[in-house]
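Dear colleague,

Please find the structure below, followed by an account of what was found in it. I would be grateful if you would read the two side by side.

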Amino acid sequence: MNDVVTGIEILNEIYSDANITTVKEFYDKSFEAIHRILPNATVVASDNFDSGQFNGFWTDPNKYSNTLLDTHLYTVFSEKLRSMSPKQHVAFVCGNHYNIQMMKCCWDDEGRSQGLGRVIGEWTASYDMDVATMITVVFDETRETGVAPRFDREISPGEMKMLRNYIEAQMVVYEGKVTGETNGWFYWNFKVQGGVFAEWDLLRGVDEGWFPKVDASIPARERFGDCEDIILRTKDDLSVIHEYPNPKDLPSELIEDRHFDDDIVSTHGHSLERPHRAHQIWCSLVALSVAMLIFAVLRGRHRLLPQKQRKEYDELPEADIEVVQTPPPTPSP
């Protein structure tokens, strides 16, 4: 089975209130059981929706170098996050998902763990629909009418641009900035039937162009730029945000506070624009200074070069000149 089963995840999405000591003990026993049968298989552990609990866990590289902690990162299950603008969605991924979620694990006393690695095992391009609520609507309507709602739904050009930027930002973040931060990612899902959940369909995204073709040989940061580049080129078009459920239909206790403890998110990316413009101006001034320096050097070099001196002047041929005298005018009578 070694050539068929290359990895096994012990448990998927354990409830966050599960006793972490019990969870880790179960992981230890499961690891031993799996490797008795499949000694070369990668053993994957769910992060219990709090990866920071696994710092210092499975750190021995001689024993645990082929293990991964599985993290699932979504924004669609929070009313507050579904309400964000396009720029805010991209900025939130670059800020919260990288600076907080990606950096929470996995560490030991000497730095980045040489044992337990990291994988982003689930993420999606969906940004404004609570799929858990919508799927109930889909099941009910399909049962009653025999037809799934919004089966032929099309994604607008504006939505495609938003999806492309949102996906590129996540690919950049989930690959990490330096080697060892992450071992990669899995998109959820590979294929979805119908249009209501089209953003979860990787194959459709590739066909329609809003999901970039994956090239593992080139880092996403080299292909798409860094997070700041993606935020700045994202158009803050609110017409592509269709929050579901509609906040107007929700009871007040389900409406979340809109405060973001992130300057880039709270300003819709505007806090980046002034430094970005200043950087552009600075780069332009540097380029102009270099050009002027090169011009001055070339001009000075030209002046220092020996000038060709004329040894003597050519004589001009003598010209025949005829002087014509004009008689004075005749006075009037």
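**The nonpolar cores**

In this predicted model, the largest nonpolar core holds 40 residues, of which Trp 123, Val 173, Tyr 174, Trp 185 and Phe 211 touch the most other members. At least two residues of this core come from each of helix H4 (86-102), helix H6 (157-175), helix H8 (220-224) and helix H9 (227-233). Helix H6 makes the largest contribution, with nine residues. For Val 173, the contacts beyond four places in sequence are Val 93, Cys 94, His 97, Tyr 98, Met 102 and Cys 227. Another core, of 16 residues, lies apart from it and includes Ile 14, Phe 31, Phe 54 and Leu 116.

**The chain as a whole**

The protein chain contains eleven helices and six strands. Of its 333 residues, 38% are buried. Among contacts with a separation of 6 or more, 77% join residues 24 or more positions apart. The accessible surface is about 21100 Å², and carbon and sulfur atoms account for 55% of that surface.

**Thr 124**

Thr 124 may merit your attention when you view the model. The residue is found in the loop between strand S6 (117-122) and helix H5 (131-145). Thr 124 counts as buried because its relative accessibility is 2%, the cut-off being under 20%. Its side chain reaches the backbone nitrogen of Ser 126 at 3.2 Å. Which residues is Thr 124 in contact with, leaving aside its neighbours within four places in sequence? They are Tyr 74, Tyr 166, Gln 170, Tyr 187, Trp 188, Glu 199 and Trp 200.

**Salt bridges**

Side chains of opposite charge can pair when their charged atoms come close. The count of salt bridges in the model is eight. Three of the pairs are described here.

In one salt bridge, the side chains of Asp 50 and Lys 104 meet at 3.0 Å, N to O. This pair links distant parts of the chain, the two residues being 54 residues apart. Asp 50 belongs to the loop between strand S2 (42-46) and helix H2 (61-64), while Lys 104 belongs to the loop between H4 and strand S4 (107-108). Asp 50 is partly exposed, at 27% relative accessibility, and Lys 104 is partly exposed at 27%.

Arg 164 and Glu 168 form a salt bridge in which the closest N and O atoms are 2.7 Å apart. Both residues lie in helix H6, and because they are four residues apart, about one helical turn separates them. Arg 164 is partly exposed at 27% relative accessibility, whereas Glu 168 is buried at 6%. Arg 164 and Glu 168 are also linked with Arg 233 in a network of salt bridges.

A further salt bridge joins the side chains of Arg 204 and Glu 208, at 3.0 Å from N to O. These two residues are four apart in helix H7 (residues 202-208), so about one helical turn lies between them. Here Arg 204 counts as buried, with 16% relative accessibility, and Glu 208 as partly exposed, with 30%.

**A nonpolar patch on the surface**

Val 286, Val 290, Ile 294 and Leu 298 form a nonpolar patch on the surface, and their accessible area together is about 330 Å². Of these residues, Ile 294 is placed in helix H11 (residues 270-304). Ile 294 counts as partly exposed, at 47% relative accessibility.

With kind regards

Definitions and conventions:
Residues are numbered from 1 along each chain as its sequence is written. This is a predicted model: local features need pLDDT of at least 70, side-chain atom pairs count only at pLDDT 80 or more; totals for chains, interfaces and linings use all residues. Side-chain values use heavy atoms; hydrogens and water are left out. Buried means under 20% relative accessible area, exposed over 50%, partly exposed in between (1.4 Å probe, protein chains only). A polar contact is a pair of N or O atoms within 3.5 Å; within protein, one must be able to donate a hydrogen and the other to accept it, and residues adjacent in sequence count only if both atoms are side-chain atoms. Contact means heavy atoms within 4.5 Å. A nonpolar core is a set of buried Ala, Val, Leu, Ile, Met, Phe, Trp, Tyr and Cys residues joined through side-chain atoms within 4.5 Å. Patches are made of residues with over 30% relative accessible area and no salt bridge: like charges are joined within 9 Å, nonpolar side chains (Val, Leu, Ile, Met, Phe, Trp, Tyr) within 5 Å. Accessible areas come from the Shrake-Rupley method with a 1.4 Å probe; for residues, only the protein chains shown count as cover. A salt bridge is a side-chain nitrogen of Lys or Arg within 4 Å of a carboxyl oxygen of Asp or Glu.
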